[in-house]
Amino acid sequence: MLNRNIQPPVNPIEHIDMVKAEKRLLSNGIPVYFVNAGSQDVVKIDFIFEAGTWFQEANLVASLCNSMLEEGSVNYSAADIGEKFDFYGAYIQLTADQNYGYFNIISLGKHLKTILEITENLIKHSVFPQYELEVLIDKNKQKFLLENEKVKTLCQKKFTQVMFGESHPYAITNKLEDFDQINREMLLQFYQSYYHSGNCRIIAAGQIDESVLALLETHFGGSDWQGNSINAPKYEISPDPQKFHHVEKTNGIQSAVRMGKFWVPKNHPDYHALAVLITIFGGYFGSRLMTNIREEKGYTYGIGSYVLSLKHVSYLIITTEVGNEYIEPTLKEITMEMKRLQTELVSENELETVKSYLLGEFLRDFDGPFALAGSFKAINDFGLDYSFYDDSLRVLRNITSEKIMQLAQQYLNSEDFYTVVAGSK
Amino acid sequence: MIHFERTKLANGLTVIVHQDKTTPMVAIDVCYNVGSRDEHPDRTGFAHLFEHLMFGGSKHIPLYDEPLQKAGGDNNAFTSNDLTNYYLTLPKNNIETGFWLESDRMLELAFSKSSLDVQRNVVIEEFKQRNLNQPYGDVWALLRQLAYKVHPYQWPTIGREISHIEKATMQQVKDFFYAHYAPDNAVLVVAGDVDFDKVLTLANRWFGHIPNRAVKQRAIPQEPEQTEIREQSVVRDVPNDTIYMAYHMADRLDPMYYATDLISDVLSNGNSSRMYQNLVQKEKLFTELDAYLSGDNDPGLFVVSGKPSNGISLETARRAIERELDRMKQERVSEYELEKVKNKVEANIEYSEMNYLNKAMNLATNEILNDAGLINSQVDFYRSVTTAQIQEVAQHLFRHGNCSVLNYIAKKSEHVES
């Protein structure tokens, strides 16, 4: 007889098949890391340059320089580039973050040869046409104005300024006037300094065989695009002495909240155990924050906590958007949940739930070529190797409630947190 | 090409299995043939509110999420105008937990009062977060109301107004459940490293004895042909004026659907598309300009939306859009141009088939539409569209009187910079 009252037996996840990235060097020294996996004839290749906002001398330079890479090269106009990529059903994804500038392509394997030929010209011989630059700046201005209407954007900006100090590159300080200060020469100079073979690594995923590696050697392995190595600038963090900040946004009916503090880097001995703590706190649907503030109180559609590891700094952040009338009680409940983790042991049941959930996530992080490449990048960015994941698994399987409580006492003290609320008072 | 096997249990539940041995995971997707188009006009937002309640405990299982997480699982759900889709992923040796959870909430919900009280509030905050407190957040509500006078597509999935959600009662919840949540109104798709026989055994064990609820065929009032252009202007606190033009288009099963989709690609998919090249890059009339389909099963909307550049009026913007649409009516697209958008569609289908969960969802939503097998014939449908058909469909689609225009005007005020 079927018993619906009890859960069918659950099998623990014993084995996780971590397909690891392999490494090759192109003749000019560019490291190529590749994951050969997947059943579809699809290839994703990421060209990663040390060309993030960390290196820019004025706001917007890193991101606009990056965006301009598909706006014209010696052999292809912006229109040609669009035409070719669309015809072959391939995509260019351009992004720049705090540390890196990315030129990523996704293509069917059968068209990769053509796509890489074009990509070579775009990366090595970008021309930054003035007309396209003006169009791009106008587009980005409008996007900027739109983003600035959102309480979550206002909140995140202020939060990074408070944490890092306004002159630190991890602080977002873009202003509308910045767009008028940008000129072609600034972008060209940034491009020449940072987009070259000495500043590049490649991560490739999908059906990667010797022929793909040979194509990469042909198009990117030569000595024709070496630049000069540039010493990365150094910046000091200078946090705001005041811990609580409000950003006024009139007429809003919800406010955005960001609460956070500096966190340990990925190579710190407590990192993996803390990841379990933060999952319990606010890292999954059944977390303390979600259960209390969404599922019991109904103050918000969603609330979560997560760790952002950047190259030079890591921080923990709690994010939510709540009705204006729920701000005070929400902040109070967040603090209360920290206190509870410091003073009450997490039950066996809850700890087992979180462990199983995280093991499932582990499987997902190593499932499929793109996930595999992402998991590799998450260690490669920090100079770590796959033992990072072995450690993580070992800690996850052995962690106790006592350890969680001890870490909460050490790391989750509400007086260490910076709080920013954006909305109408 | 996605291989799948399909059968129907005695109680009317359709079961579809797709084997993908490259993943250690399994996706279980349960899709119910109920969406916001099945709502009463005075109780809009109900299908979506109901989706939230489906996580508030079922007859024998007080908590949905915790046992799933214990099995290494993860889940989510979404509601559209046409359907409500619940999906989860699990390590392959724990799939029975998924069958247990999904079958129990198909059998009967706990109908807990506290869950209803809290989820009403959560959905109201979601309403605010997505629609009321976002710039341009009410566009779809306005556009639907303008374009549809009869069909329930006239309200958005989140609901027409917050008061409808506030007023939801437990009796209405129960009625909705028994009217729509039933094996004979649902599809179960399992995709991953599983075989058909095992899935069938589990499906029979857990779902087999849920009673058939003789769900009635829906009778939805269909929208009469629009013969006169409609126009509405609103002033909002947003940074830029925006224009939206919506045209009634063919339903999802009409052969014209594929040509319509390709028209939107010719106009705005990718940097080489016509509207982007001509109106954004060359003439600099817009900073953003898109053409897309609402993606509904019944006759939906073909929408063009654009943000004019600084100093360009909404009138100039509208004339420019109409010029491009007229060109679609007057001249055939070139063979090359059509080939290009078809290539892109085909590549996108290939990309979407990389992921087992994606495949499960596509099988489920296509089966609800009509037939899961559509996912394997769609490439041929797109490939067979001719340049003459593109022109013919454009002439029908962009006919005078078939258009609803929404002028979304920015209130001029100082912006707070930071």
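In which sense do β3(A) and β6(A) pair, and over how many bridges? The two strands run antiparallel, and seven bridges join them. That pairing is a handy way into this structure, which is a predicted model, and the tour below starts from β3(A) and works outwards.

**Strand β3 and its partners**

Strand β3 of chain A covers residues 42–49, and eight of its eight residues are buried. One side of the strand carries Val42(A), Lys44(A), Asp46(A) and Ile48(A), while the other carries Val43(A), Ile45(A), Phe47(A) and Phe49(A); both faces are covered. If you look for charged names in that list, you will find Lys44(A) and Asp46(A) among the buried residues. The split into two sets fits a familiar pattern. In a regular strand, side chains alternate between the two faces of the sheet.

To place β3(A) against β6(A), look at Asp46(A), which stands opposite Ile203(A) in β6(A). β3(A) also pairs with β5(A), again in the antiparallel sense, this time over eight bridges. There, Phe49(A) has Gly101(A) of β5(A) opposite.

**Chain A as a whole**

Stepping back, chain A holds 15 helices and eleven strands. Its radius of gyration is 24 Å, close to the 22 Å that the globule rule gives for 425 residues, so chain A is as compact as a globular protein of that length. Along the principal axes, its C-alpha atoms fill a box of roughly 65 × 55 × 45 Å. Of its 425 residues, 41% count as buried. Contacts between residues at least 6 apart in sequence are mostly between remote positions: 80% of them join residues at least 24 apart.

The domain assignment divides chain A into domain 1 (22–220) and domain 2 (244–423). Their centres, taken over C-alpha atoms, are separated by 30 Å. At the boundary, 20 residues of domain 1 of chain A are in contact with 27 residues of domain 2 of chain A. On the domain 1 side, the elements that give two or more residues are β2 (31–36), α5 and β6 (200–206) of chain A. The largest share, nine residues, comes from α5(A). By class, that side of domain 1 divides into twelve nonpolar, five polar and three charged residues.

**Two open sheets**

What is the strand order of the five-stranded open sheet in chain A? The order is β7-β11-β8-β10-β9, with mixed pairing. β7 (244–248) and β9 of chain A stand at the edges with a single partner strand each, so one side of each is left without a neighbour in the sheet. Neighbouring strands here are turned by 15° against each other on average, direction ignored. At the β9 edge, eight bridges join β9(A) to β10(A) in antiparallel fashion, and Thr300(A) stands opposite Val322(A) in β10(A).

Two helices meet strands of this sheet. Helix α4 (residues 113–132) of chain B packs on the sheet and touches β8, β9 and β10 of chain A, its direction making about 65° with that of β9(A). Helix α5(A) lies across β7, β8 (254–263), β10 and β11 (418–423) of chain A, and runs at about 150° to β11(A).

Chain B offers an open sheet of six strands, in the order β1-β2-β6-β3-β5-β4 and with mixed pairing. Its edge strands are β1 (5–8) and β4 (74–79) of chain B, each with a single partner strand, so one side of each has no neighbour in the sheet. β1(B) and β2(B) run antiparallel and are joined by four bridges; Glu5(B) has Val17(B) as its bridge partner in β2(B).

The antiparallel pairs met so far can be set side by side.

| Strand pair | Bridges | Residues opposite each other |
|---|---|---|
| β3(A) and β5(A) | eight bridges | Phe49(A) and Gly101(A) |
| β3(A) and β6(A) | seven bridges | Asp46(A) and Ile203(A) |
| β9(A) and β10(A) | eight bridges | Thr300(A) and Val322(A) |
| β1(B) and β2(B) | four bridges | Glu5(B) and Val17(B) |

**Where the chains meet**

Finally, the interface: 67 residues of chain A are in contact with 62 residues of chain B. Elements giving two or more residues to the chain A side include α2 (78–87), β5 (101–108), α4 (130–147), β9 (300–309) and β10 (314–323) of chain A. The largest share, eight residues, comes from α12(A). By class, the chain A side has 26 nonpolar, 21 polar and 20 charged residues.

Note on methods:
Residues are numbered from 1 along each chain as its sequence is written. Chains are lettered from A and ligands numbered from 1 in the order in which they are written. This is a predicted model: local features need pLDDT of at least 70, side-chain atom pairs count only at pLDDT 80 or more; totals for chains, interfaces and linings use all residues. Two residues are in contact if their C-beta atoms, placed from the backbone, lie within 7 Å. Ala, Val, Leu, Ile, Met, Phe, Trp, Tyr, Cys and Pro count as nonpolar, Asp, Glu, Lys and Arg as charged, and the others, Gly among them, as polar. The radius of gyration is taken over C-alpha atoms; the globule rule is 2.2 Å times the number of residues to the power 0.38. A residue is buried if 20 or more other C-beta atoms lie within 10 Å of its own, exposed if 12 or fewer, and partly exposed in between; C-beta atoms are placed from the backbone. Domain bounds come from an automatic or database domain assignment. Two strands pair if DSSP finds at least two bridges between them. Axes are lines fitted to C-alpha atoms, for helices over the stretch in contact, and angles run from 0 to 180 degrees between N-to-C directions.
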